[in-house]
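Visitor: Could you take me through the largest pocket in this one, up close? I'd like to know what lines it and what sits around it.

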Amino acid sequence: MESFTKNDRRAIVAEFLGTMYFVFLGTGAVVAAVGGFGGNEALVAIAMAHGIGILTAVAWTANISGGHINPAVTLAMIVTKNIKVALGIAYIVAQLAGAALGSLLLKLVVPKVIEGDAGANLGRHALADGMAKPEGLLLEIILTSFLLVVVFNTAVSKKGWGINAPIAIGLAIMLIHFVGIPFTGASVNPARSFGPALVTNDWENFWIYIAGPCAGALIAAAGWMFFRSMGDDALEEAAAA
């Protein structure tokens with residue numbers, strides 16, 4: 001930590017706390033919705049909870065750390081040189097640690113009455129019955145690339161939404177969950193998948209929720225750099241920043 005500035009250390013703590021709260025609230029919504037009423041109502045509740053959760057988490061951490069709250073986002077920022085490699089790695093470690101603590105805290109407060117399937121898996125991501133692994137992987141890649149396109153063009157670009165970028169990101173997450181929940185659970189965030197998997201010690205198909213989001217993030221980052229190389233004013237300004 002000696003090589004990090006005071007602001008860097010604040011940023012790392014912000015990523016830890018932001019991810020912890022996001023995972024706690026997001027997975028908590030899964031447990032509450034599935035254990036409470038299930039069905040289509042659960043889909044709506046879970047999608048809205050994740051969208052609003054990431055909106056608020058990004059909003060309150062944006063002026064401290066940039067509001068990544070997602071190792072895939074941090075990976076894309078490292079590749080596009082929007083964050084130094086060492087600090088980016090520290091962000092990812094903090095995000096994973098925060099996710100683990102968020103899931104542990106959820107386990108401690110889940111009432112025994114809904115401990116069944118809803119509570120026992122703590123909102124862990126899993127492929128739907130009949131969903132092939134390559135299909136799940138491809139869906140996670142597509143959904144994550146969409147998320148990163150939104151992040152780059154609303155939060156990174158100086159001609160983006162500025163302080164309002166968390167709104168676009170939150171809406172993107174909500175839309176992603178409406179599409180992805182029935183099939184993969186809609187991760188697009190390795191930390192969100194890591195917390196429940198670690199605390200429940202259930203790693204089935206976990207690699208999909210690492211490889212998919214990371215691949216999607218790298219594809220979006222490559223697209224960002226390609227358009228920047230073509231001289232787009234907005235991208236050039238973002239790079240200069």
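Guide: Sure. The largest pocket holds about 850 Å³ of space; a pocket here is an open set of points on a 1 Å grid over the protein atoms alone, where a 1.4 Å probe fits, with protein on both sides within 12 Å along at least five of seven lines. That volume is the space filled by probe spheres set on the points, which are joined across faces, edges and corners. This is a predicted model, where local features need pLDDT of at least 70 and side-chain atom pairs count only at pLDDT 80 or more, while totals for chains, interfaces and linings use all residues. Residues are numbered from 1 along each chain as its sequence is written, and side-chain values use heavy atoms, with hydrogens and water left out.

The lining takes in 43 residues, each with an atom within 4 Å of a point. Nearest the centre are Gly 66, Gly 67, His 68, Ala 155 and Val 156. As for elements, α2, α3 (71-79), α6 (133-156), α7 and α10 (233-240) each give at least two lining residues, and α2 has the largest share, with 7. Those helices are DSSP runs (H or I, at least four residues), numbered from the N terminus.

Two of those names come back elsewhere: α2 (39-65) and α7 (165-180) each give two or more residues to a nonpolar surface patch. Val 179 belongs to that patch and sits in helix α7. At 39% relative accessibility, Val 179 counts as partly exposed, because that label covers everything between buried (under 20%) and exposed (over 50%), with a 1.4 Å probe and protein chains only.

Key:
Patch = residues over 30% accessible without salt bridge, like charges linked within 9 Å, V, L, I, M, F, W, Y side chains within 5 Å. Areas by Shrake-Rupley, 256 points an atom, 1.4 Å probe, with all protein chains shown as cover. Salt bridge = Lys/Arg side-chain N within 4 Å of Asp/Glu carboxyl O.
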